[in-house]
Amino acid sequence: MGPLRSVVLAGGGTGGHIYPLLAFADCLRRHDPGVRITCLGTPKGLENELIPPAGYDLRNIPAYQLPRSVNMNLVRTPGRMWTAARAAGKIIEEVRADVVVGFGGYVSVPAYLAAWRRELPIVIHEVNVPPGVANRLGMRFTKHVAVGFPHQPSQAESLRDARVVGVPLRRSITGLDRAAMQGAARAHFGLRPDLPVLFVAGGSQGARSINLAVAGAAKELARNGIQVLHVIGARNEPVPIPTDLPVPYVTLPYLSDMDAGYAAADLMLGRGGAMTCAEVAAIGLPTIYVPYPHSNQEQKRNALPVVEAGGGLLVDDTELTPDWLERTVIPLIRDPQRLHAMGAAAAAYGRRDGDEALLNFVYEAVAR
């Protein structure tokens, strides 16, 4: 198989689609600095804030929200879907793409349609169970489906034959040496080097229930010498944090360099998004997962395998109270042996080579 000359990457809307896309783009470029990489996005998506600063060509096409059920009428009826597919097709032809790799989100559907009409190889990467509606639709057009986690093929019939490759992660994460970086990371956030740190982050949007519970436990945590680094979430209302605490409690609206937060932490408290689960497992960070209380429970399914492997704890959103945090976090974070065992179990479950494994899968798909 010769080198890929031109690759179109489709995925947008949320960080869960865009971050693996960017990590995979970095991997492509590492292997071949001359490869042409074109990313498809939509005018309103988060990709506009993330992809151009990372140095990649972003082309926006019209995209439309999809109904939750997948059937071929969805493809046949709306003229606007074909309008978007025509726009994607023009870009695919202009850059002479060898393959389309999709990570989900509404923008992926026009890309899959356009590639299918041109008989181009399509590779789909999916991290959730059940698969997102865009990728479910894409699976009608290709057998080349890769997944991020080993539990997915057994939990979704549509993913039964998928290849488990892991999740492409940024090198700043996969290359992170938490122990070596800890002192510098804590200094960066204004935290003390000698006291344990609880890192709280509810995903790119934050999580109000988590924010309120941790703020409520702030006094007791601080009284026990536990520092908190708390990412509130840019779209969340600020929560009142007590001001007269004896140890640092640092709040941030948003954190772009999550690796620094991970490095500062002894223990994390967060949601169960696929990217969070993949990242903290890869770096061996013990984590308390509070899955988003979604109708389809996908975050619980993401977190459960790493918890069952011994790499963390799971608590329902409704059970997360200041009292629960005080009873659970204080003894755990003050037990270095237990934290070390949890971290080792998480690292044994996680993997750091998702980008390389996906690239090999893409090469296979194109060779076929």
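Helix α10 tucks quite a few of its residues away: Ile210, Asn211, Ala213, Val214, Ala215, Ala217, Ala218, Leu221 and Ala222 are its buried ones. Keep in mind that this is a predicted model. Below, we start with that helix and its surroundings, then move on to a second helix, some backbone oddities, a few single residues and a cavity.

**Helix α10**

- The buried residues of α10 pack against four strands, namely β8 (197–201), β9 (227–231), β10 (249–252) and β11 (267–270), and against α14 (322–333) as well.
- How far apart should the ends of α10 be? With 16 residues (208–223) and 1.5 Å a residue, the helix should span 22 Å, and its end C-alpha atoms sit 24 Å apart, so the two values agree.
- The helix also has a kink of about 50 degrees, and alanine 217 is at its centre. Alanine 217 is also on the list of buried residues of α10.
- Just past α10 you'll meet glycine 225, with a positive phi of about 75 degrees.

**Residues that touch α10**

- Histidine 230 belongs to strand β9. Is histidine 230 buried or exposed? Its relative accessible area is 0%, so histidine 230 counts as buried.
- If you skip neighbours within four places in sequence, histidine 230 is in contact with Val200, Asn211, Val214, Tyr249, Val250, Thr251 and Leu252. Asn211 and Val214 in that set are among the buried residues of α10.
- Proline 242 is in the loop between β9 and β10. With a relative accessible area of 23%, proline 242 is partly exposed.
- Which residues does proline 242 contact, leaving aside neighbours within four places in sequence? They are Ala215, Ala218 and Lys219.
- For a sense of distance, take proline 242 and isoleucine 91: they are 151 residues apart along the chain, and their C-alpha atoms are separated by 53 Å.

**Aspartate 317**

- You'll find aspartate 317 in the loop between β13 (312–314) and α14.
- Aspartate 317 has a relative accessible area of 17%, and buried means under 20%, so this residue is buried.
- Its side chain makes a polar contact of 2.7 Å with the side chain of serine 209.
- Not counting residues up to four places away in sequence, aspartate 317 touches Ser209, Arg271, Val290, Pro291 and Pro293.

**Helix α13 and what comes around it**

- Helix α13 covers residues 298–308, and its buried residues are Glu298, Gln299, Asn302, Ala303, Pro305, Val306 and Val307.
- What do those buried residues pack against? Their partners are α12 (274–283), β12 (287–289), β13 and α15 (336–349).
- Glycine 310 follows α13 and has a positive phi, near 100 degrees.
- Glutamine 297 sits in the loop between β12 and α13. Its relative accessible area of 34% makes glutamine 297 partly exposed.
- One of the partners of α13, helix α15, is home to glycine 343. At 8% relative accessibility, glycine 343 is buried.
- Glycine 343 touches Gly284 and Pro286, once residues up to four places away in sequence are left out.
- Between glycine 343 and valine 129 there are 25 Å in space, C-alpha to C-alpha, and the two are 214 residues apart in sequence.

**Backbone oddities**

- Here's the background: most residues other than glycine have a negative phi, and most peptide bonds are trans.
- Arginine 96 goes the other way, with a positive phi near 50 degrees. It lies in the loop between α4 (79–94) and β4 (99–102), and a relative accessible area of 70% makes arginine 96 exposed.
- Glutamine 297 has a positive phi too, near 60 degrees.
- Which bond is cis? The peptide bond joining valine 129 and proline 130 is cis, with omega about -10 degrees. Proline 130 is in the loop between β5 (122–126) and α6 (133–138).

**A cavity**

- How many cavities of 30 Å³ or more are there? The count comes to one.
- The largest cavity holds about 30 Å³ of space.
- Its lining is made up of Pro3, Leu4, Leu28, His31, Asp32, Val35 and Tyr363.

Terms used. Residues are numbered from 1 along each chain as its sequence is written. This is a predicted model: local features need pLDDT of at least 70, side-chain atom pairs count only at pLDDT 80 or more; totals for chains, interfaces and linings use all residues. Side-chain values use heavy atoms; hydrogens and water are left out. Helices (H or I, at least four residues) and strands (E, at least two) are DSSP runs, numbered from the N terminus. The expected span of a helix is 1.5 Å times one less than its number of residues. The bend at a residue is the angle between axes fitted to the seven residues ending there and the seven starting there. Buried means under 20% relative accessible area, exposed over 50%, partly exposed in between (1.4 Å probe, protein chains only). Contact means heavy atoms within 4.5 Å. A polar contact is a pair of N or O atoms within 3.5 Å; within protein, one must be able to donate a hydrogen and the other to accept it, and residues adjacent in sequence count only if both atoms are side-chain atoms. On a 1 Å grid over the protein atoms alone, a cavity is a set of points where a 1.4 Å probe fits but cannot get out, and a pocket is an open set with protein on both sides within 12 Å along at least five of seven lines; lining residues have an atom within 4 Å of a point. Grid points are joined across faces, edges and corners, and a volume is the space filled by probe spheres set on the points.
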